[in-house]
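Got your viewer open? Here's a walk through the model, one selection at a time.

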Amino acid sequence: MNVFVYGTLRTGEKYSHLLKDAERTASQAWINGSLYDTHCGYPALEAHPYDIAYGELYRVSTEELAMLDLLEGYEEGRRENLFFREKAVVNTDNGVREAYVYYLDQSRSDMKKEKISSGDWKLHKWLKQQPERLFYFAYGSCMDDERITSDGAAEHFNKDVLFGKLSGYSLCYSISSKDGGRADIREGEGSVEGILYTVRKEAVEYLFRREGVRAGRYRPAFVNVEADGRVIKNVLTFSVIEKKDDMRPPDHYALEILRGAKGRVSEEYYDQLKRQMEMLGVETEKLEKNILSNY
């Protein structure tokens, strides 16, 4: 059976060890609902047709579900439950699933709640506790530091970057601007290579603005990235909210991706980037001449 978790049971959170033997079937999952900070160290979810709450999807055993019931203080048929459990539709990058979800009993009007506007408990906590420096994984045009420099944001990004690999995702071009598609990651099979920056916290506002976070285009997401011979956890990246079929990226955008990737990702992955662009109608040979002329 499936369970959707959105708070302290998520990867790296306080009670994530309770799901250490369960199969995580989606790291990027979402549900219609309003998420609240209870200021008790955990969030609460209420059903709402127009809001979105983000979390993870797990396949659990009967014993694991009973353990989660105990954590949430839920007992079937009991009137004074703080949370109640019921099935709901959960969205993932690979379709919808039915899963159990723990909702706050809305009759508990005595509980103080602060709405989490992002719908993401991990992001909400992260923004409040934001460190002076953090890791950011770039897989699209942000691999190219020329625009970062021209935007006046270079001082917030370290110059010595690491090669990074994100497993369990594929690169796609699933969101459209006026002139064509833009890069995105889709959870599933494969891997995405990119650049791992160490950035100052001042870079976050620049990235949010550039990725159109407040306009609802991309959302911040946290992933585990292989770099420098280790796995770095809870790395900031961005994922398209409403994914569409792949669209042809414009030449100037494709150029930024190739320019940022060349010599930094593996040759195999660089060739894969070109083939994918060519399948979408981009003339990569012409773009590479532009890159070589500036070396």
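Before you click anything, one term: a pocket here is an open set of points on a 1 Å grid where a 1.4 Å probe fits, with protein on both sides within 12 Å along at least five of seven lines. Keep in mind, too, that this is a predicted model.

**Stop 1: the largest pocket**

Select Tyr 54, Ser 117, Ser 118, Gly 119 and Val 213. Of the 27 residues that line the largest pocket, these five lie nearest its centre. The space in there comes to about 570 Å³. Now colour by element: β3 (34-37), β5 (52-59), β8 (114-115), α2 (121-128) and β12 (218-227) each give two or more residues to this lining. Which of them gives the most? That's α2, with 4 residues. If you colour the lining by residue class, you should get 12 nonpolar, 7 polar and 8 charged residues.

**Stop 2: a histidine in α2**

Stay with α2 and pick out His 124, which sits in this helix. Is His 124 buried or exposed? Its relative accessible area is 11%, so it counts as buried. Show what surrounds the side chain and leave out anything up to four places away in sequence: His 124 then touches Asp 37, Glu 114, Ile 116 and Ser 118. You have already met Ser 118, among the residues nearest the centre of the largest pocket.

**Stop 3: a small detour to a sheet**

Select β3 and look to either side. You're in an open sheet of 3 strands, ordered β4-β3-β8 and paired antiparallel. Its edge strands are β4 (43-46) and β8, each pairing on one side only. Between β3 and β4 there are 4 bridges. To see a bridge pair, pick Leu 35 and its partner in β4, Leu 45.

**Stop 4: the second largest pocket**

Next, move to the second largest pocket, with about 340 Å³ of space. Select Ser 27, Tyr 169, Phe 222, Val 223 and Asn 224, the closest to its centre among 26 lining residues. Two or more residues apiece come from β2 (23-32), β5, β10 (162-177), β11 (180-200), β12 and β13 (230-240). This time β12 gives the most to the lining, with 7 residues. By class you'll find 8 nonpolar, 9 polar and 9 charged residues.

**Stop 5: along β2 to a hairpin**

From β2, hop across to β6 (residues 83-92): the two strands run antiparallel, joined by 2 bridges. Trp 30 is a good place to look, as it stands opposite Asn 91 in β6. Carry on to β7 (residues 95-104), which pairs with β6 over 10 antiparallel bridges. What do β6 and β7 form? A hairpin, with 2 residues between the strands. For a pair inside it, select Arg 85 and its bridge partner in β7, Tyr 102.

**Stop 6: the nonpolar cores**

Switch on side chains and select Tyr 136, Phe 157 and Val 192. In the largest nonpolar core, which has 54 residues, these three touch the most other members. The largest share of that core, 7 residues, comes from β11. Zoom in on Phe 157: leaving out residues up to four places away in sequence, it touches Tyr 136, Ile 148, Tyr 197, Thr 198, Val 199, Ala 203, Tyr 206 and Leu 207. Another core, of 34 residues, lies apart from the largest one and includes Leu 65, Leu 68, Tyr 100 and Trp 121.

**Stop 7: helix α4**

Now select α4 (residues 202-210). Which of its residues are buried? They are Ala 203, Val 204, Tyr 206, Leu 207, Phe 208 and Arg 210. Ala 203, Tyr 206 and Leu 207 are also among the contacts of Phe 157. To see what covers the buried residues of α4, show α2, β9 (133-138), α3 (145-150), β11, β12 and β13, which are all part of that cover. Step past the helix to Gly 212, where phi is positive, near 65°.

**Stop 8: back to the start of the chain**

Finish at β1 (residues 2-5), a strand covered on both faces. Asn 2 and Phe 4 are buried on one side, and Val 3 and Val 5 on the other. Strand β1 pairs with β5 over 4 antiparallel bridges. For a last selection, take Asn 2 together with Arg 59, its bridge partner in β5.

Terms used:
Residues numbered from 1 in each chain as written. Predicted model: local features only at pLDDT ≥ 70, side-chain atom pairs only at ≥ 80, totals over all residues. Heavy atoms only, no water. 1 Å grid on protein atoms, 1.4 Å probe; cavity = no way out; pocket = protein on both sides within 12 Å on 5 of 7 lines; lining within 4 Å. Points joined across faces, edges and corners; volume = space filled by probe spheres on them. Nonpolar A, V, L, I, M, F, W, Y, C, P; charged D, E, K, R; others polar. Core = buried A, V, L, I, M, F, W, Y, C linked by side-chain atoms within 4.5 Å. Buried < 20%, exposed > 50% of the residue type's maximum accessible area, 1.4 Å probe, protein only. Contact = heavy atoms within 4.5 Å. Pairing = 2+ DSSP bridges.
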